[in-house]
Amino acid sequence: MKSDINIIKSRRHKIISSILKDSQNQLFYKKMDTLLVKKYFDNAFELTQTENILRVETSDLSQKDVFEILDNFFASVNNKTILKTRHLYEIVKLSNISEKKLKRFLPQDKLERLFTYLEFVSHETYMISQDFLILRIYQNFAAKNLFNDIKCDSMQKSLLNKMCYFPYQREIRDNENTFLCWIDIVLYSLLNKKITAEDLVLLIKKILNLTQHTVYLYWKILNSVSYLLLQQEHSAHPVLRKYKTEIEKTIQNKYLYVHVTPEELRNLLFSTLTRQNAFKEDFYYLFDLIAIMGQTTNENRLFCLKICDYLLFNNRKRALFNHRFIRKYFIDILCSLLNKFDNDEVCTAELRLLIKILHTDSFFCFDRARILNLIIMVLNGIYLSERPLSYYNFYKYCDIVDFVMEENPDILLSDVEKRICGENNISDKVRKRFILCQQMEKI
């Protein structure tokens, strides 16, 4: 009898191994990896073609270049064309030069003249994007200790005060990456005591009112406010706590009107995975859109399950799910995707994904009982449906549940057969599949 049990265990272990190997999906993984690598190269190309105002010490400008930038800037301010040219962007580029170079290249008289002109320009600006450029310049120079600290501090506070209350024109550009940078600048200003928490909320609301953006910007804001509430100085601030609740409700309401295509979801997946410093909110946004799309049609649900499968495959290299909040949110979203009465193809995809998740270390350590419950729920839906039951769509997964239960006696789940079939509806075929659990009960 013992040898028979060992043979049964060996066979069931092979079933799990074949699912984990998943030779059927290898072509899909390769295709997705290729697209992911392409996205990395596209990001690198975009970085060389656009002005990243947050980069520091990356410019190879010579002293001649610096003087030319300054002369062009001064001339455009004098002839009142500064807001129609790119000379303000050039000053941002100049402010990103290393401290050592700037001290060598930029005489004090030129620096003082530059700040005088910037202050003048800040009184003429009518779009918030222009003032964010000036504020970035101030912050870059302040960080390098190149200008009078008191004067620089005063200019920053004056500009930020204007940004809180000035009636700006609506932005015509829709580059959300730029808006994300603005949120960082506002956060930085609060942390450096240039604005109050009330000012921060005012500025963020102004950014939202002046720009065309997606739900992702709200996730960025939520991440920033949550970060502030983790700081001892701001942890009990009523304005920040109230605004966090407001943003959470806004995100929830925005999702009611979101329509996601497979192409958009795939692009968001690659954008998230290729972010240099992805926050948990980046993944929350991705998972939310997976849930929204997965609740439309069977075809879309299958696509979303494949995306989840690829995330799990990618987890081997990146350990994405070692982060407990990302892991928990992923499981929560997966629960919303599962439907007890899906068709055979979808149910099979759900079961295979759940088995892979169960055999992923981070999930196995913390969520195995919950995942096993989800597998049992799907099996119950299959059993209660009118579809004919076969080894391939039902019984082999019962075998797997039996094997997992026997191998992990600390998972305290009782009456598994009843939960799959119903209290008074257990067939002999199902009962025979749980031979290992029955052996455990005898012991």
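Is Leu305 buried or exposed, and what is its relative accessible area? I began my notebook with this residue, keeping in mind that the model is a predicted one. I looked up the value and found a relative accessible area of 4%, so Leu305 is buried.

**Entry on Leu305 and its surroundings**

I placed Leu305 in helix α15. Leaving aside residues up to four places away in sequence, I found that Leu305 touches Leu334, Leu337, Val346, Ala349, Glu350 and Leu353. I also looked up a residue that Leu305 does not sit beside: Asn277 is 28 residues away in sequence, and the two C-alpha atoms are 25 Å apart in space.

**Entry on α15 and α17**

Before turning to helix pairs, I noted how such a pair is described. Two packed helices are described by the angle between their axes and by the distance between those axes.

For helix α15 (residues 298–318) and helix α17 (residues 344–358), I read an angle of about 15 degrees and axes 10 Å apart. Angles under 35 degrees count as roughly parallel, and therefore α15 is roughly parallel to α17. I wrote down the crossing of α15 and α17 as left-handed.

Which residues of the two helices meet? On the α15 side I listed Asn298, Arg301, Leu302, Leu305, Cys308, Asp309 and Leu312, and on the α17 side Glu345, Val346, Ala349, Glu350, Leu353, Lys356 and Ile357. Sorted by class, the contact of α15 with α17 holds eight nonpolar, one polar and five charged residues.

**Entry on α9 and α11**

I then looked at helix α9 (residues 176–191) and helix α11 (residues 215–229), whose axes come within 10 Å and cross at roughly 15 degrees. This angle makes α9 roughly parallel to α11. In this pair, α9 passes α11 in a right-handed crossing.

The contact draws on Glu176, Phe179, Leu180, Ile183, Asp184, Leu187, Leu190 and Leu191 from α9, and on Tyr216, Leu217, Lys220, Ile221, Ser224, Tyr227 and Leu228 from α11. I sorted the residues of the contact of α9 with α11 into eleven nonpolar, one polar and three charged.

**Entry on α6 and α8**

Helix α6 (residues 108–122) and helix α8 (residues 149–165) pack at an angle of about 10 degrees, and I noted their axes as 11 Å apart. Again the angle makes the helices roughly parallel, α6 to α8. The crossing of α6 and α8 is left-handed.

Here Phe115, Glu119 and Ser122 in α6 meet Lys151, Cys152, Met155, Leu159 and Lys162 in α8. The classes in the contact of α6 with α8 are four nonpolar, one polar and three charged residues.

**Entry on aromatic rings**

How many aromatic pairs does a search of the whole structure find? I recorded 22 aromatic pairs. One of them joins Trp219 and Tyr284, which form an edge-to-face pair with 5.5 Å centre to centre and 65 degrees between the planes. This pair links distant parts of the chain, with Trp219 in helix α11 and Tyr284 in helix α14 (residues 280–294), 65 residues apart. I found both Trp219 and Tyr284 to be buried.

The rings of Phe287 and Tyr329 have centres 6.4 Å apart and planes at 20 degrees, so I entered this pair as stacked. Phe287 and Tyr329 also link distant parts of the chain, since Phe287 lies in helix α14 and Tyr329 in helix α16 (residues 324–337), 42 residues apart. Phe287 is buried at a relative accessible area of 0%, whereas Tyr329 is partly exposed at 22%. I noted that Trp219, Tyr284, Phe287 and Tyr329 are among the members of one aromatic cluster, which also includes Phe283, Phe321, Phe330 and Phe363.

**Entry on two loop residues**

I looked up Lys80, in the loop between α3 (63–78) and α4 (87–95), and found its phi near 60 degrees, a positive value in a residue other than glycine. Lys80 is exposed, with a relative accessible area of 69%.

I found Ala319 in the loop between α15 and α16, where its phi is near 55 degrees, again positive in a residue other than glycine. The relative accessible area of Ala319 is 33%, so Ala319 counts as partly exposed.

**Last entry, on Asn380**

Asn380 lies in helix α18 (residues 361–384), and at 10% relative accessibility Asn380 counts as buried. Leaving aside residues up to four places away in sequence, Asn380 touches Lys340, Arg419, Ile420 and Cys421.

How values were computed: Residues are numbered from 1 along each chain as its sequence is written. This is a predicted model: local features need pLDDT of at least 70, side-chain atom pairs count only at pLDDT 80 or more; totals for chains, interfaces and linings use all residues. Side-chain values use heavy atoms; hydrogens and water are left out. Axes are lines fitted to C-alpha atoms, for helices over the stretch in contact, and angles run from 0 to 180 degrees between N-to-C directions. Helices (H or I, at least four residues) and strands (E, at least two) are DSSP runs, numbered from the N terminus. Angles under 35 degrees count as roughly parallel, over 145 as roughly antiparallel, 65 to 115 as roughly perpendicular and the rest as oblique. A crossing is left-handed if the near helix is turned anticlockwise from the far one by less than a right angle, and right-handed if clockwise. Contact means heavy atoms within 4.5 Å. Ala, Val, Leu, Ile, Met, Phe, Trp, Tyr, Cys and Pro count as nonpolar, Asp, Glu, Lys and Arg as charged, and the others, Gly among them, as polar. Rings of Phe, Tyr and Trp (its six-membered ring) pair if their centres lie within 6.5 Å; planes under 30 degrees apart count as stacked, over 60 as edge-to-face and the rest as tilted. Buried means under 20% relative accessible area, exposed over 50%, partly exposed in between (1.4 Å probe, protein chains only).
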